[in-house]
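The following paragraphs lead the reader through one protein model, from its overall build to individual residues. Please keep the structure in view while reading.

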Amino acid sequence: MTTAQTTQTIPTTPATTPYAAEEAPRLQWTKFAPEVYKAMVRLDAAARDGVDPVLLELVKIRASQLNHCAFCLDMHTKDALAAGESVERIVQLSAWEESRHFYTEKELAALALTEAVTVLTDGFVPDEVFETAARHFDEAELTRLIAAITVINAWNRFGVACRLTPGHYTAGQHK
């Protein structure tokens, strides 16, 4: 009997197969640094002002994918769905460059900028990426978009460093 045949004959359902244990957060940082948390919330609100909320969720999801922040992925995926975003576009975000036809040119520019600002291992944001974004966003929008990308990266760092637990967020809970 092959492995594939063995796998097909063993019933596996969530009722009979337990999930892995949920890890507890390492640190409840908001409890120990409430002023930092409040400052982050204010910065987040200021950065969001004037940026399309659906575009903003796509940017937050993509940055969170790149940073492996499960907590933020859970939160922003739920918020995007609640805002009317499609499952298909959310699923395709991890391969947006191969799935360009799912997004507008403005969204593509924002996603490229998100990747360039998030992954600074190359040492800079390429001129072409910045110039493309600048063609789609006026200076105020572009500034806020860069701020929003910066803020989600900061949230991601708290989420990953403190190992915040995904799965318990309800859409709109922190708005």
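Two residues are said to be in contact here when heavy atoms of theirs lie within 4.5 Å. The model itself is predicted.

The overall build may be taken up at the outset. The protein contains 9 helices and 0 strands, so that its elements, read from the N terminus, run α-α-α-α-α-α-α-α-α. The C-alpha trace spans about 60 × 45 × 35 Å along the principal axes. Of the 175 residues, 33% are buried. The surface that the protein exposes amounts to about 10600 Å², and 59% of this is supplied by carbon and sulfur atoms. Among contacts with a separation of 6 or more, 70% are accounted for by residues 24 or more positions apart.

One such long-range pairing of elements may be followed from helix α3, residues 34–48, to helix α9, residues 139–161. The two helices pack with their axes 8 Å apart and at an angle of about 150°. Because angles over 145 degrees count as roughly antiparallel, α3 is roughly antiparallel to α9. Their crossing is left-handed. On the α3 side, the contact is formed by Val36, Tyr37, Met40, Val41, Leu43, Asp44, Ala46 and Ala47. On the α9 side, the residues that meet them are Arg144, Ala147, Ala148, Val151, Ala154, Trp155 and Phe158. By class, this contact of α3 with α9 comprises 13 nonpolar and 2 charged residues, with no polar ones.

Asp44, in helix α3, merits a separate look. Is Asp44 buried or exposed? Its relative accessibility is 10%, and Asp44 therefore counts as buried. Leaving out residues up to four places away in sequence, Asp44 touches Lys60, Val151 and Trp155. Val151 and Trp155 belong to the α9 side of the contact with α3, whereas Lys60 is in α4.

Helix α4, residues 53–67, also approaches α9: the axes come within 9 Å and cross at roughly 40°. This angle makes α4 oblique to α9, and the crossing is right-handed. From α4, the residues in contact are Leu56, Val59, Lys60, Ala63, Ser64 and Asn67. They meet Leu145, Ala148, Ile149, Ile152, Asn153, Asn156, Arg157 and Val160 in α9. By class, the contact of α4 with α9 has 8 nonpolar, 4 polar and 2 charged residues. Ala148 of α9 is listed in the contact with α4 and also in the contact with α3.

Within α9, attention may turn to Asn156. Asn156 has a relative accessible area of 1% and is therefore buried. Which residues does Asn156 touch, not counting those up to four places away in sequence? They are Ala63, Ser64, Asn67, Cys69 and Cys72. Of these, Ala63, Ser64 and Asn67 are in the α4 part of the contact with α9.

A final residue, Ala112, lies in helix α7, residues 105–118. Because its relative accessibility is 21%, Ala112 counts as partly exposed; the limit for a buried residue is under 20%. Apart from its neighbours within four places in sequence, Ala112 is in contact with Trp96 and Val129. Between Ala112 and Val125, which are 13 residues apart in sequence, the C-alpha to C-alpha distance is 9.7 Å.

Terms used
Residues are numbered from 1 along each chain as its sequence is written. This is a predicted model: local features need pLDDT of at least 70, side-chain atom pairs count only at pLDDT 80 or more; totals for chains, interfaces and linings use all residues. Side-chain values use heavy atoms; hydrogens and water are left out. Axes are lines fitted to C-alpha atoms, for helices over the stretch in contact, and angles run from 0 to 180 degrees between N-to-C directions. Helices (H or I, at least four residues) and strands (E, at least two) are DSSP runs, numbered from the N terminus. Angles under 35 degrees count as roughly parallel, over 145 as roughly antiparallel, 65 to 115 as roughly perpendicular and the rest as oblique. A crossing is left-handed if the near helix is turned anticlockwise from the far one by less than a right angle, and right-handed if clockwise. Ala, Val, Leu, Ile, Met, Phe, Trp, Tyr, Cys and Pro count as nonpolar, Asp, Glu, Lys and Arg as charged, and the others, Gly among them, as polar. Buried means under 20% relative accessible area, exposed over 50%, partly exposed in between (1.4 Å probe, protein chains only). Accessible areas come from the Shrake-Rupley method with a 1.4 Å probe; for residues, only the protein chains shown count as cover.
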